[in-house]
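Grab a coffee and open the viewer. Here are some exercises to work through with the model on screen, each with a solution you can check step by step.

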Amino acid sequence: MLPSRPLLRAAVFALAVLQALASDTFIAAVYEHAVILPDATDEPVSPDDALALMNRNMDVLEGAIKEAAQQGAHIIVTPEDGIYGWRFTRETIYPYLEDIPDPAVNWIPCTDPTRFAPAPVQERLSCMARNNSIYVVANIGDKKPCNSSDPGCPSDGRYQYNTDVVFDPEGKLVARYHKYNLFMSETQFNYPKEPEAITFETPFGKFGIFTCFDILFHEPAVVLVSELQVDTVLFPTAWMNVLPFLSAVEFHSAWAMGMGVNLLSANTHNIILSMTGSGIYAPDGARTYYYSMKTKDGHLLVAELDSHPRLSPAFPPAVNWSSYASSVKRLSPNNHDFRGLIFHDCFTFTDLTKPEGNLTVCQKDLCCHLSYKMAGKREDEVYVLGAFDGLHVVEGQYYLQICTLLKCKSPDLNMCGQPVRTAQTKFETFSLSGTFGTNYVFPEVLYSGVQLAPGEFEVLNDGRLISKTRPTKPIVTVTLFGRWYEKD
């Protein structure tokens, strides 16, 4: 006699748990989704039309989830805005929202869909997780009624939140996170009254979750890693690449290294808006990543990670980011110093006029030091050493300290700082360091074609970012991106 379907599913789940417990690693997946967008409209669509669009996107996501499960993945992360897109006002997004309960209610929407208000999206996501015995991470919208007794209640009587949900392999809702740091265009959503630090335990480590722009701020990003000691961060995002420092694969890989955690980054894919770049990152570098401005299709990534990276022999040692640079004698002002803008921030630059040498450039309290040797100096490519120490104020306000070796867009020094994707110059060696006032520094090496350099550079205990391969591939930028949370 064959076992019943529920018993069989329970047996499969128990086996998966035992396998995870028996291993110090797990299989992670992220899916970069080319979101099917709604038609632009100033009027709300009907709930049925909203659900129809969301089901079209969930059809695609379900295919990716099934494929990931077949490849042995224990968890899959899907992107921010991955179910309904982003063409909304506060009014037009309302038909797409559901009331998402606190996970403490112990709810499996797949088996008990009528327990709360109609929630067809949560029901379907729950069933995707349950039917494939995999953790599913998705981004949807939450609505919460409020009344005049609440002084913060919006005039329409409801709060609307950009929300991540996590369903476990049984389909149970185990995590709900309301995005705290909204990007400037997210006027359809409300800010939560307090930042949330959401964690949950799995058989393969402690997980935390936040969304997109949150990664640049102390709450929740630093709280989850430094205070709550999560092993892995789940990161749905809709990231528009901003070169030279904030392309998705570049910064997210560097953040995982700088914070010493795994990061599962799932981006939306929309080349018109420069949205691409997803990856599975560990503290010692990218395990796999994807960046393409050529295709319109989505892409699934699967890779193995350490369940507890801090216990891994490959875990990077602690770094004193200012140790080496503070010991270097501060040079007199350089005759080649000049100013230039990168993403609206005014950098102090000095150009690399010789094929090898030692340079220093300073701005305020930050001095950046570079030792280098080019494999061959080209007359048609100019590189600069740059420093920025100050408050960034464009799409948000946050303090930065940045040291960078950077290829200019053209030999005209006035073009230094503008976005560059390609280069031809290789370096025999480089060593970059800075007198940082913060320990939150993220090391980036970006090659021509927006390609990462996993395993081809290292950070020494004294704060030097150095090359390991000779020569390197053609370099776009070598950067130490410091985020001075303490000054915010």
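The exercises below go from the overall layout down to single residues, and the model they use is a predicted one.

**Exercise 1. Find the domains and say how they meet.**

Step 1. Start with the split: the chain is divided into domain 1 (18-311) and domain 2 (322-487).

Step 2. Now look at the spacing. The centres of domain 1 and domain 2, taken over C-alpha atoms, are 33 Å apart.

Step 3. Look at who takes part in the contact: 30 residues come from domain 1 and 31 residues from domain 2.

Step 4. Bring in the record. An unreviewed UniProt entry puts a "domain: CN hydrolase" feature at residues 31-307. In the model, that span is 21% helix and 26% strand, and its end C-alpha atoms lie 20 Å apart.

**Exercise 2. Check the length of helix α2, then work out what covers its buried side.**

Step 1. Count residues: helix α2 runs over residues 47-70, which is 24 residues.

Step 2. Do the sum. The expected span is 1.5 Å times one less than the number of residues. For α2 that gives 34 Å, and the end C-alpha atoms are 33 Å apart, so the two agree.

Step 3. List what is hidden. Buried residues of α2 include Ala50, Leu53, Met54, Leu61 and Ile65, and among them are also Asn57 and Glu62.

Step 4. See what lies over them: the cover includes the strands β1 (25-32), β2, β3 (135-145) and β12 (299-306), plus helix α3.

Step 5. Check what comes after the helix. Gly72 follows α2 and has a positive phi, near 90°.

**Exercise 3. Which residues have the most contacts inside the largest nonpolar core?**

Step 1. This core holds 104 residues, and Leu234, Trp255 and Leu352 have the most contacts inside it.

Step 2. Ask which helix feeds it. Helix α5 (residues 248-259) gives the most, with seven residues.

Step 3. Ask which domains feed it: at least three residues come from each of domain 1 (18-311) and domain 2 (322-487).

Step 4. Zoom in on Trp255. Its contacts include Phe210, Ile215, Val233, Leu263, Phe442 and Tyr485.

Step 5. Don't miss the second, separate core, with 34 residues, including Ala29, Ile76, Ile134 and Val136.

**Exercise 4. Is Glu80 buried or exposed, and what do its side-chain atoms pair with?**

Step 1. Place it: Glu80 sits in the loop between β2 (75-77) and α3 (120-132).

Step 2. Apply the cut-off. Buried means under 20% relative accessible area. Glu80 comes in at 2%, so it counts as buried.

Step 3. Find the polar partners. The Glu80 side chain makes a polar contact of 2.8 Å with the side chain of Asn162 and one of 2.9 Å with that of Lys179.

Step 4. Fill in the surroundings: Glu80 also touches residues including Asn139, Glu186, Cys212, Pro236 and Thr268.

**Exercise 5. Track down the unusual backbone spots.**

Step 1. Recall the background: most residues other than glycine have a negative phi, and most peptide bonds are trans.

Step 2. Cys212 has a positive phi, near 45°. Cys212 lies in the loop between β7 (205-209) and α4, and it counts as buried because its relative accessibility is 8%.

Step 3. Gln229 has a positive phi too, about 55°. Gln229 is in the loop between α4 and β8 (232-237), and at 40% relative accessible area it is partly exposed.

Step 4. Now the peptide bonds. The one joining Glu219 and Pro220 is cis, with omega about 10°, and Pro220 falls in helix α4 (residues 218-227).

Step 5. The bond from Arg470 to Pro471 is cis as well, with omega near -10°. Pro471 lies in the loop between β22 (465-467) and β23 (475-483).

**Exercise 6. Describe where Leu452 sits and what it touches.**

Step 1. Leu452 is in the loop between β20 (441-447) and β21 (457-459).

Step 2. Its relative accessibility is 10%, so Leu452 counts as buried.

Step 3. List some neighbours: among them are Val249, Ser253, Tyr281, Tyr289 and Val445.

Step 4. Finish with a distance. Leu452 and Leu264 are 188 residues apart along the chain, and their C-alpha atoms are separated by 16 Å.

Note on methods
Residues are numbered from 1 along each chain as its sequence is written. This is a predicted model: local features need pLDDT of at least 70, side-chain atom pairs count only at pLDDT 80 or more; totals for chains, interfaces and linings use all residues. Side-chain values use heavy atoms; hydrogens and water are left out. UniProt positions are given in the numbering used here, feature names are shortened, and annotations may be inferred rather than shown by experiment. Helices (H or I, at least four residues) and strands (E, at least two) are DSSP runs, numbered from the N terminus. A nonpolar core is a set of buried Ala, Val, Leu, Ile, Met, Phe, Trp, Tyr and Cys residues joined through side-chain atoms within 4.5 Å. Buried means under 20% relative accessible area, exposed over 50%, partly exposed in between (1.4 Å probe, protein chains only). Domain bounds come from an automatic or database domain assignment. Contact means heavy atoms within 4.5 Å. A polar contact is a pair of N or O atoms within 3.5 Å; within protein, one must be able to donate a hydrogen and the other to accept it, and residues adjacent in sequence count only if both atoms are side-chain atoms. Lists of a residue's contacts leave out its neighbours within four places in sequence.
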